[in-house]
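Work through the following exercises with the sequence and the structure at hand. Attempt each task before reading its solution.

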Amino acid sequence: MKPLRQSPTVVTLAVIGAVFLAQQAVGVVTAPRSLFALSPPLFSRPWTLVTSVYAHAGLSHLLANAVGLALAGVVLERRTSPLRFHVFFVSTGALAGVSQVSITSLIGPLVPGMVSHVSVLGASGAVFALFGYLLAANRLTDTVIGGFELAPRVQLALAGIVAAAITLATANPGVALIAHFTGLLLGFLAGRVHLLRPTDSSQTPEAANY
């Protein structure tokens, strides 16, 4: 077992905690959301593409995402490298946030109770991507999909349907549904091509066969 300091899940949780403390400190003198949240125009504050993934609106928001990260992260990190884990987490989280902000600013909330403002923060998009990857990149899924020899377009359509179903099933008032859907879909697609599989031959057989 890796030391805790080498676990990308633990490191990510620590970063999330540190950013939350920074939010509280900054909030003493200014509105913290405006400094950490992603909002249009997207590149007016480019650092928020990253900070919005690790920042949270409150303690309950943080704890909910931390639990999801811990559950999915400890499984996935055993089958990839720390660098791949971190890049996947922040990139899927940022893309989920961009999707949420862009679509909501154009058409507004898709369903009643969905987040309607055009700024977003939180790790849920990245966490959903981790779960999406785990659902798609396992031997059972490979066996089922491989047995039907589905075309890539059909697999993409099925991934979209499953992602939409899971997103709606886990929806609650005020959540960023578009970000959740985007994260899940990105995770599914990455999982189908085993994007996080280590290429180093020194990796364990368990990792190589995932």
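**Exercise 1.** Which residues make a nonpolar surface patch of about 270 Å²?

*Solution.* The model examined here is predicted. The patch is made by Val67, Leu71 and Phe131. To place one of its members, locate Val67, which belongs to helix H4 (residues 59-76).

**Exercise 2.** Describe the overall make-up of the chain: its elements, its burial and its contacts.

*Solution.* Begin with the elements. The chain contains ten helices and zero strands, and its order from the N terminus is α-α-α-α-α-α-α-α-α-α. Next, consider burial: 45% of the 210 residues count as buried. The accessible surface is about 10,900 Å², and carbon and sulfur atoms account for 72% of it. Finally, turn to the contacts. Among those with a separation of 6 or more, 74% are between residues 24 or more positions apart.

**Exercise 3.** Determine the length of H4, its buried residues and what covers them.

*Solution.* First, compare the span with the expected value. H4 has 18 residues and reaches 25 Å from its first C-alpha to its last, close to the 26 Å expected at 1.5 Å a residue. Second, list the residues with under 20% relative accessible area. In H4 the buried residues are Leu62, Asn65, Ala66, Gly68, Leu69, Ala72, Gly73 and Leu76. Third, identify the cover: H1, H5 and H6 are included in what covers these buried residues.

**Exercise 4.** Which residues of the largest nonpolar core touch the most other members, and which helix gives the most to this core?

*Solution.* Recall first a general tendency: in soluble globular proteins, nonpolar side chains tend to be buried together. In this model, the largest nonpolar core has 28 residues, of which Tyr54, Leu69, Phe88, Phe89, Leu130 and Tyr133 touch the most other members. At least two residues of this core come from each of helix H1 (8-26), helix H3 (48-54), H4, H5 and H6. H6 gives the most, with six residues. Another core, of eight residues, lies apart from this one, and its members include Leu38, Leu42, Val120 and Ala176.

**Exercise 5.** Is helix H9 largely enclosed by the rest of the structure or not, and why?

*Solution.* Start with the dimensions. H9 (residues 177-192) has 16 residues and spans 23 Å from its first C-alpha to its last, close to the 22 Å expected at 1.5 Å a residue. Then consider burial: twelve of the 16 residues of H9 are buried, so this helix is largely enclosed by the rest of the structure. Among the buried residues are Leu177, Ile178, His180, Thr182, Leu184, Leu185 and Phe188. Their cover includes helix H5 (82-107), helix H6 (124-136) and helix H8 (152-169).

**Exercise 6.** Identify a cis peptide bond and a residue other than glycine with a positive phi, and place each in the chain.

*Solution.* Recall the usual case: most residues other than glycine have a negative phi, and most peptide bonds are trans. For the bond, look at Pro40 and Pro41, which are joined by a cis peptide bond with omega of about -10 degrees. Pro41 is in the loop between helix H2 (32-36) and H3. For the positive phi, look just after H9, where His194 takes a value of about 50 degrees. His194 lies in the loop between H9 and helix H10 (205-208). To classify His194, note that its relative accessible area is 13%, so the residue is buried.

Conventions:
Residues numbered from 1 in each chain as written. Predicted model: local features only at pLDDT ≥ 70, side-chain atom pairs only at ≥ 80, totals over all residues. Heavy atoms only, no water. Helix = DSSP H or I, 4+ residues; strand = E, 2+ residues; numbered from the N terminus. Expected span 1.5 Å × (residues − 1). Buried < 20%, exposed > 50% of the residue type's maximum accessible area, 1.4 Å probe, protein only. Contact = heavy atoms within 4.5 Å. Patch = residues over 30% accessible without salt bridge, like charges linked within 9 Å, V, L, I, M, F, W, Y side chains within 5 Å. Areas by Shrake-Rupley, 256 points an atom, 1.4 Å probe, with all protein chains shown as cover. Salt bridge = Lys/Arg side-chain N within 4 Å of Asp/Glu carboxyl O. Core = buried A, V, L, I, M, F, W, Y, C linked by side-chain atoms within 4.5 Å.
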